[in-house]
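User: Pick one part of this structure and give me a close look at how it packs. Then tell me how the rest fits around that part.

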Amino acid sequence: MINNIPEILLYIVQGYVYLTAYYWISFKDNKDFTNLIIKSVAASYILKLIFDKMNTSFNITFDSNINYTISLIIFSAILGFLIGKILSHRYFNLLLHKLHVGRTTNENIWDDVIKPYTWLRVYMKDGTSYLGQYRYGESFKSEPIIVLFTYQKLDIDGNIILDNSEDSSRVIILNTKDFEKIEVIYSN
């Protein structure tokens with residue numbers, strides 16, 4: 001068993017590298033280690049099959065197992081990066097929409113509805129509101145914090161209390177637990 005550890009690790013490492021690259025580029029929550037070894041082994045098996053098929057097709061040979069293993073790990077990282085980039089791109093989600101698939105690859109609604117530089121009007125529970133452009137937001141939170149820039153603070157009647165609409169260096173950080181509602185304003 002101890003003598004076979006390098007071969008056993010070969011069926012875990014490239015899958016783990018692939019999954020790490022995929023989770024990182026697609027902003028997936030990687031804190032869940034449930035079934036990580038099983039996922040890594042399954043991914044490693046598929047990656048090894050694809051890598052070996054490519055090597056056979058292009059007549060690529062390796063002079064040592066170390067070069068083969070390093071090339072396989074690099075291939076896994078690049079493939080994880082590319083697949084994560086493709087699956088998290090808005091065009092892939094648009095393709096899913098056109099195919100009438102009732103979901104996207106995004107894990108929260110913020111990524112589906114609100115993109116950076118989208119105009120928002122955030123109505124607070126105290127009657128005031130903020131009108132500004134969305135810059136950032138937290139993922140994987142039930143009550144995320146969002147950041148608005150080029151914003152104005154409005155009173156209950158819509159009169160401007162604070163105007164930072166011309167100053168893009170000022171931002172405001174708002175907690176969604178203080179919101180009454182949010183209007184999303186799309187512009188061309």
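Analyst: Let's start where α1 meets α3. On the α1 side you'll find L10, V13, Q14, V17, Y18, A21, Y22, W24 and I25, and facing them in α3 are T69, L72, I73, S76, A77, L79, G80, F81, I83, G84, K85 and L87. Sort those contact residues by class and you get 15 nonpolar, five polar and one charged. Keep in mind that this is a predicted model.

Now for the geometry of that pair. Helix α1 covers residues 5–25, and its axis lies 7 Å from that of α3, at an angle of about 30°. Angles under 35 degrees count as roughly parallel, so α1 and α3 are roughly parallel. The crossing of α1 past α3 is right-handed.

Bring in α2 and the picture turns. The α1 and α2 axes come within 7 Å, but here they cross at roughly 100°, so these two helices are roughly perpendicular to each other. From α1, the residues involved are L10, Y11, I12, V13, Q14, G15, Y16, Y18, L19 and Y23; from α2, they are L36, I37, K39, S40, V41, A43, S44, Y45, L47 and K48. This contact holds 14 nonpolar, four polar and two charged residues. If you're clicking through side chains, stop at L10, V13, Q14 and Y18: they meet α3, and they turn up again in the contact with α2.

That leaves the third pairing, α2 with α3. Helix α2 is residues 36–57 and helix α3 is residues 65–87; their axes are 10 Å apart and the angle is about 110°. Since 65 to 115 degrees is the range for roughly perpendicular, that is how α2 and α3 are classed. As α2 passes α3, the crossing is right-handed. Here α2 brings L47, K48, I50, F51, D52, M54 and N55, while α3 brings Y68, S71, L72, F75, S76 and L79. The tally for this contact is eight nonpolar, three polar and two charged residues. Some names will look familiar: L47 and K48 also meet α1, and from α3, so do L72, S76 and L79.

One polar residue in α2 is worth a pause. What does N55 touch beyond its sequence neighbours? Leaving out residues up to four places away, N55 touches I60, F62 and Y68. N55 has a relative accessible area of 9%, so it counts as buried. Compare N59, which sits in the loop between α2 and α3. N59 has a relative accessible area of 68%, so it is exposed. Its backbone is also a bit odd: phi is near 55°, positive in a residue that isn't glycine. Most residues other than glycine have a negative phi.

There's a similar pair further along. N93, in helix α4, is buried at 9% relative accessible area. Beyond four places in sequence, N93 touches L87, T104, T105 and N106; L87 is one of the α3 residues that meet α1, which brings us back to where we began. H100 is in the loop between α4 (90–98) and α5 (109–113), has a positive phi of about 60° without being a glycine, and is exposed at 75% relative accessible area.

Finally, the nonpolar cores. The largest one has 13 residues, and L120, V122, Y130, I146, L148 and L174 have the most contacts inside it. The elements giving it two or more residues are strands: β1 (119–124), β2 (129–137), β3 (145–154) and β5 (171–175). A second, separate core of 12 residues includes L36, L47, F51 and F75. Of these, L47, F51 and F75 are part of the α2–α3 contact, and L36 is in the α1–α2 contact.

How far apart in space are T128 and K48? Their C-alpha atoms are 58 Å apart, with their positions 80 residues apart in sequence. T128 is in the loop between β1 and β2 and is buried, at 14% relative accessible area. Outside its close sequence neighbours, T128 touches V122, Y123, K153, L154, D155 and I161.

Conventions. Residues numbered from 1 in each chain as written. Predicted model: local features only at pLDDT ≥ 70, side-chain atom pairs only at ≥ 80, totals over all residues. Heavy atoms only, no water. Axes fitted to C-alpha atoms, helices over the stretch in contact; angles between N-to-C directions. Helix = DSSP H or I, 4+ residues; strand = E, 2+ residues; numbered from the N terminus. Parallel < 35°, antiparallel > 145°, perpendicular 65-115°, else oblique. Left-handed = near helix turned anticlockwise from the far one by under 90°. Contact = heavy atoms within 4.5 Å. Nonpolar A, V, L, I, M, F, W, Y, C, P; charged D, E, K, R; others polar. Buried < 20%, exposed > 50% of the residue type's maximum accessible area, 1.4 Å probe, protein only. Core = buried A, V, L, I, M, F, W, Y, C linked by side-chain atoms within 4.5 Å.
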